[in-house]
Amino acid sequence: MQSVARMEEITRALPKTAGGDTALACILFPVVLSAPGSFDRMVSIATEYRDSLFFIFISDDIPASDYKRLVQTGGADWASTRGAPEEIVDIIARVGRGVSTADVGEPTLTEPVMVAFLPSAGGVGNSTLAIEVGIQIKTTKRTRSRRVCLLDLDFQGSHVCDYLDIEPRMQIDEIAANPERLDAQLFDLFVSHHKSGLDVLAAPRNKDNAPDLDAQTLEVLFRMIAARYDLILLDLPVPWFNWTRQLLSAVEVVFVSGLNTIPGLRQVAQSLTAVRAVERVPAKVAVVLNRCEYRLVGGIARRKHVKNLLGSEEVFYVRDDVENAVQSVNTGIPISVQGHGKVSKDIAPITLLASEAKPVPAAVPR
Ligand SMILES: Nc1ncnc2c1ncn2[C@@H]1O[C@H](COP(=O)(O)OP(=O)(O)O)[C@@H](O)[C@H]1O
Ligand SMILES: [Mg+2]
């Protein structure tokens, strides 16, 4: 480990591109982000020297737009101050793999990553967000090779399959009654395949489904899922069950969804407090305010309320678009597949964050 005082000490000695047979010299360079002015400069340096240097930025938090810019350079990533030691090791491992394989840009992940969508209240669009993120990952060239599974954990009122016009197949009661019978063959029968390539695990809606699964059932189910998928998107129900905390302790990213009204923001704040009280707090906790009112002048309405009630939380805004949302659920074609711009664009940074989430060993309940 060597410290340098000025960037020039490194860049002067380096070629801008690693040509021909030259192996990519990968230098890790932790930087504590302080002055926003220097951020632009770092982004341009990361872009310029991406073939010979790799930067890891460390800060408490990072705005989604900055994170996106960093990752898009292809020569930088970000680690949170809190999880820095582990996250840096992960990034190094990923970069190492990226260097040794020809498939630069798409890391081969071994440990699955779990990303949770947690509704702060009913009907806020939690399932819609989880679905659109899954669809965007599977329809984006860079990420479509990822094996992505959307697990609908609303066993009584599941509606993900309705939105995607596929049949729900997971007999959750059967798994709960005989967890030891869940083998590969039975699991395969429980998977619904969407034509985008997104796999869905959802139970047929049934008020008799008992959602309080025991630890053994969960373990058996997640062992099956973890062996088959790289990225697991969880669509959680509004009520918390005895497995909710255990599951949240195993995710890397959690998006708390809600609405931009005073009661809606309070529900979001309470959900955030509950998430941060779980045994192992997810590395990234962010908020998605869905169905936001958008004004031609001034953009998203009532940002001040958000600032007052959510302070410095990272917030993604998704605008209200009833016409396309209704058309989407009535036709079974996701908004992102219909290609009607704005809502999909608002969801894109959420997709990026979900798809860039890094696997952490023991991320799945064992
Ligand atoms: N951005 C949006 N604009 C307009 N309607 C939306 C938006 N997001 C979701 N909806 C609609 O809101 C309703 C509830 O969404 P859903 O995803 O089922 O919520 P939840 O899973 O939180 O109960 C659905 O009819 C859905 O189409
Ligand atoms: Mg739902």
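In this predicted model, Ser127 is buried, with a relative accessible area of 9%. This residue belongs to the site of the magnesium ion (ligand 2), where the protein donors are the OG atom of Ser127 and the NE2 atom of His159, at 2.1 to 2.5 Å from the ion. The two donors come from distant parts of the chain, 32 residues apart. Ser127 is in helix H5 (residues 126-139), whereas His159 is in the loop between strand E5 (148-152) and helix H6 (160-164). His159 is partly exposed, with a relative accessible area of 25%. That value is not under 20%, the cut-off for a buried residue, so His159 does not count as buried. The 9% of Ser127 is under that cut-off, and Ser127 is therefore classed as buried.

Two further buried residues were examined, one in a strand and one in a helix. Phe255 is part of strand E9, which covers residues 253-259. Its relative accessible area is 0%, so Phe255 is buried. With neighbours within four places in sequence set aside, Phe255 is in contact with Val115, Ala116, Phe117, Leu118, Ala286, Val288, Phe316, Ile350, Leu353 and Ala354. The C-alpha atom of Phe255 is separated by 9.5 Å from that of Leu129, a residue 126 places away along the chain.

Val43 is found in helix H2, which spans residues 36-48. Val43 counts as buried because its relative accessibility is 10%. When residues up to four places away in sequence are not counted, Val43 touches Arg69, Leu70 and Thr73. Between the C-alpha atoms of Val43 and Phe55 there is a separation of 9.6 Å, and these two residues are 12 apart along the chain.

Charged side chains were considered next. Side chains of opposite charge can pair when their charged atoms come close. Across the whole structure, the search finds 12 salt bridges. One of them is formed by Arg228 and Asp188, with the closest N and O atoms 4.0 Å apart. This pair links distant parts of the chain, since Arg228 is in helix H9 (residues 215-228) and Asp188 is in helix H8 (residues 184-190), 40 residues apart. Arg228 has a relative accessible area of 23% and is partly exposed. Asp188 also counts as partly exposed, at 47% relative accessibility.

A salt bridge also joins the side chains of Glu313 and Arg276, at 2.9 Å from N to O. Here too, distant parts of the chain are linked, the partners being 37 residues apart. Glu313 is in the loop between helix H12 (303-310) and strand E13 (315-319), and Arg276 is in helix H11 (residues 262-276). Glu313 is partly exposed, with a relative accessible area of 22%. Arg276, at 39% relative accessibility, is likewise partly exposed.

The side chains of Glu293 and Arg295 meet in another salt bridge, with an N to O distance of 3.3 Å. Through salt bridges that share partners, Glu293, Arg295 and Arg302 are joined into one network. Glu293 counts as partly exposed at 39% relative accessibility, and Arg295 counts as partly exposed at 41%.

Terms used: Residues numbered from 1 in each chain as written. Chains lettered and ligands numbered in written order. Predicted model: local features only at pLDDT ≥ 70, side-chain atom pairs only at ≥ 80, totals over all residues. Heavy atoms only, no water. Helix = DSSP H or I, 4+ residues; strand = E, 2+ residues; numbered from the N terminus. Buried < 20%, exposed > 50% of the residue type's maximum accessible area, 1.4 Å probe, protein only. Contact = heavy atoms within 4.5 Å. Donors = N, O, S within 2.8 Å, 3.2 Å for Na, K, Ca; no water.
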